Amino acid sequence: MRYTAPVEGRLTGVDVARGLALISMFIAHVAPSPGPAGVLNLSEFLTAALFALLIGLSAQLSAERMGFPALFASSVVRAIAFIALGLWINTWGAQVDIILPYLGVLAIGVAVLAFLPSWALGLLAVVCWWFAPSVIGVVTQQHAQLLASGSYLHYLTGWLAAGENYRVFTMLVWASLGILAARLLIGRATGLLFLAAVIFTAAAGATWWQAQRLMEFFPYTGNRWEVGFDALLALAALAWSLAVAAVLSSRSEALEFLAAPGRMTLSLYVVQVGILALYSNLAPRYGLPAADDSWWMLALLIVVCVGCALLWKRVFAGTFARRGPLETALALVSGRG
């Protein structure tokens with residue numbers, strides 16, 4: 001099934017999902033406690049999966065208006081930009097694992113995956129999900145050897161499967177599902193979107209309950225339970241975003257507090273890293289706690305980033321720079337402007 005142009009409100013749902021991913025990332029990075037019943041811990045499972053899911057979804061939307069050579073070349077440019085930017089901001093000293101290089105490598109892969117038939121994507125997602133623990137184990141051993149030898153290839157093995165928190169191999173599961181979600185959910189009736197949201201939420205809840213019974217269930221492990229739960233949680237977040245946006249399509253301004261940041265997540269990601277790096281560099285000088293985890297920091301990130309997005313929209317709406325500073329530059333150099 002191929003994607004068809006969405007009715008008004010549907011792409012707002014994608015922006016809302018991106019905004020949710022951004023807020024979830026802030027919670028994962030600086031929330032000082034797991035919250036009531038550990039609900040804030042869900043951000044640790046959701047954030048990377050939802051970003052990867054949206055990378056796949058965006059690739060599918062682009063594939064509908066770009067041929068393979070153009071999309072692949074564009075994705076390579078974006079990947080180089082993501083990797084270079086990620087390596088640079090990693091030197092700032094923020095207490096976070098920078099996800100941009102992983103998303104950059106993933107962007108090249110999804111440019112190919114977006115042209116596969118749906119059955120092949122589903123099969124790929126299942127294969128990557130099943131073999132993730134084995135691949136992580138093998139590549140981690142190779143990564144240790146490359147690191148010890150000083151080879152620059154350790155960057156590649158680290159990004160592909162040996163990362164402490166992120167791994168492109170597991171992201172392929174989520175990105176493949178994102179492509180399928182674009183084909184199956186975008187443009188659907190509101191009732192079907194709500195039904196999908198309920199089904200994914202129930203499946204995620206059942207997976208969480210069963211996994212907790214079998215093991216100590218932690219994020220970033222790369223085991224099958226965790227990767228599968230992350231996928232269901234991300235699909236639920238996307239489906240709810242699409243469904244709510246469809247209901248509010250005539251009053252989309254009510255969702256701008258999420259949609260506006262969702263349209264410029266790259267710029268706001270860098271803003272977040274800058275704020276956290278500034279805190280880490282200044283904390284020793286002023287006798288502040290070394291860790292940046294605090295409620296006031298979480299509130300600061302949300303207020304600054306949402307405020308910046310709304311202000312940017314107010315100033316630049318209707319201009320070529322409406323996407324955001326880094327988003328506009330990237331769109332121009334990658335041919336997606």
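Q: In this predicted model, what makes the crossing of α3 and α13 left-handed or right-handed?
A: It's the sense of the turn: a crossing is right-handed if the near helix is turned clockwise from the far one by less than a right angle. α3 passes α13 in just that way, so the crossing is right-handed.

Q: Why is α3 called oblique to α13?
A: Helix α3 (residues 68-89) and helix α13 (residues 325-334) pack at about 140°, with axes 9 Å apart. Angles over 145 would count as roughly antiparallel and 65 to 115 as roughly perpendicular, and the rest are oblique. The angle of about 140° falls into that rest, so α3 is oblique to α13.

Q: How do you know which residues make the contact of α3 with α13?
A: The test is heavy atoms within 4.5 Å. On α3 that picks out S74, V77, R78, A81, F82 and L85, and on α13 it picks out L326, L330, V333 and S334. By class, they come to seven nonpolar, two polar and one charged.

Q: What makes a residue part of the lining of the largest pocket, and how many residues line it?
A: A lining residue has an atom within 4 Å of a grid point of the pocket. For the largest pocket, with a volume of about 1400 Å³, 42 residues qualify, and D15, R18, S58, R78 and R263 are the closest to its centre. The largest share, seven residues, comes from α2. The lining divides into 27 nonpolar, five polar and 10 charged residues.

Q: How many charged residues are in the lining of the second largest pocket, and what makes a residue charged?
A: Asp, Glu, Lys and Arg count as charged. This lining has 14 nonpolar, four polar and no charged residues, so none of those four types appears in it. The pocket has a volume of about 370 Å³, and L42, S43, L46, L233 and A237 lie nearest its centre. α9 gives the most to the lining, with five residues.

Q: Why is a space called a cavity, and how many reach 30 Å³ or more?
A: A cavity is where a 1.4 Å probe fits but cannot get out. The count by this rule is three of 30 Å³ or more. The largest cavity holds about 100 Å³, and N165, W174, Y220, E226 and D230 are the closest to its centre.

Q: What lines the second largest cavity?
A: M25, A28, H29, E44, T47, A48, I99, Y166 and Y220 do, around about 40 Å³ of space. Glu counts as charged, so E44 belongs to that class. The full split is six nonpolar, two polar and one charged.

Notes: Residues numbered from 1 in each chain as written. Predicted model: local features only at pLDDT ≥ 70, side-chain atom pairs only at ≥ 80, totals over all residues. Heavy atoms only, no water. Axes fitted to C-alpha atoms, helices over the stretch in contact; angles between N-to-C directions. Helix = DSSP H or I, 4+ residues; strand = E, 2+ residues; numbered from the N terminus. 1 Å grid on protein atoms, 1.4 Å probe; cavity = no way out; pocket = protein on both sides within 12 Å on 5 of 7 lines; lining within 4 Å. Points joined across faces, edges and corners; volume = space filled by probe spheres on them.
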